[in-house]
Amino acid sequence: MASLNVGNLGEYLREQRNAAQLSLRQLADAAGVSNPYLSQIERGLRKPSAEVLQQVAKALRISAETLYVRAGILDEREREELETRAVILADPSINERQKNVLLQIYDSFRRENGFVPETDKADRADETPEADETSGAVETSGAGDALKADAAEDDNPHS
């Protein structure tokens, strides 16, 4: 059987498994896949699905997105964006509204720098950005106004 082009996924999985001090069989059991199948993934003979990678990542307690990148399912920039979003959404010290404002600001900065989120590409296919007549700048999502309103509300002890 010829080795598939899955980057260095198998090598990386083996390193992570060894670092976690798990045998191949232990990891296979924890991930809910067969021992021979996991062995073939590690040797580069099989390309696992995203679902299998997610199960293996969970068993290893590592980021599934990292495995997706190594398997060629996701590109590095998409992984970084997903991880940034996940960190914001998982932060227990801020409320849901604050999380949404942060994500709006993040998207605004990414768009300003030429990175359009995948979800926006389809939504914005027919839109053209409106230029500010005085500066020629493209208006983003108004996230700054949302941030100011959010900060003002947080300063008010009666809200």
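Me: In what order do the elements of the chain run from the N terminus on?
Reply: In this predicted model, the order is α-α-α-α-α-α-α-α-α. The tally of secondary structure agrees: nine helices and zero strands.

Me: How do you know that Gln-21 is exposed rather than buried?
Reply: Let's set the value against the cut-off. A residue is called exposed when its relative accessible area is over 50%. Gln-21 has 71% relative accessibility, so it counts as exposed. You will find Gln-21 in the loop between helix H1 (9–19) and H2.

Me: What makes the phi of Gln-21 worth a look?
Reply: Most residues other than glycine have a negative phi. Gln-21 is not a glycine, yet its phi is positive, about 55°.

Me: Which loop holds Arg-61, and what is its phi near?
Reply: Arg-61 lies in the loop between H4 and helix H5 (64–70). Its phi is near 60°, again a positive value in a residue other than glycine.

Me: Why is Arg-61 called exposed?
Reply: The same kind of check works here. The cut-off for exposed is over 50%, and Arg-61 has a relative accessible area of 79%, so the word exposed applies.

Me: How much of the chain is made up of buried residues?
Reply: Buried residues make up 31% of the 159 residues. To be counted there, a residue needs a relative accessible area under 20%.

Me: How do helices H2 and H4 pack, in angle and distance?
Reply: Helix H2 (residues 24–31) and helix H4 (residues 50–60) pack at an angle of about 115°, and their axes are 8 Å apart. The crossing of H2 past H4 is right-handed. On the H2 side, the contact is made by Leu-27, Ala-30 and Ala-31; on the H4 side, by Gln-55, Val-56, Ala-59 and Leu-60.

Me: What makes six residues of that contact nonpolar and one polar?
Reply: Sort them by name. Ala, Val and Leu are among the residues that count as nonpolar, while Gln is not on the nonpolar or the charged list, so it counts as polar. That gives six nonpolar, one polar and no charged.

Me: How do you know that the charged end of Arg-70 sits over the ring of Tyr-12?
Reply: One test is distance: CZ of Arg has to be within 6 Å of the ring centre. The charged end of Arg-70 is 3.9 Å from the centre of the Tyr-12 ring, and it sits over that ring.

Me: How many aromatic pairs does the structure hold?
Reply: Zero. A pair would need ring centres within 6.5 Å.

Terms used: Residues numbered from 1 in each chain as written. Predicted model: local features only at pLDDT ≥ 70, side-chain atom pairs only at ≥ 80, totals over all residues. Heavy atoms only, no water. Axes fitted to C-alpha atoms, helices over the stretch in contact; angles between N-to-C directions. Helix = DSSP H or I, 4+ residues; strand = E, 2+ residues; numbered from the N terminus. Left-handed = near helix turned anticlockwise from the far one by under 90°. Contact = heavy atoms within 4.5 Å. Phe/Tyr/Trp six-rings, centres within 6.5 Å; stacked < 30°, edge-to-face > 60°. Lys NZ or Arg CZ within 6 Å of the ring centre and 35° of its normal. Buried < 20%, exposed > 50% of the residue type's maximum accessible area, 1.4 Å probe, protein only.
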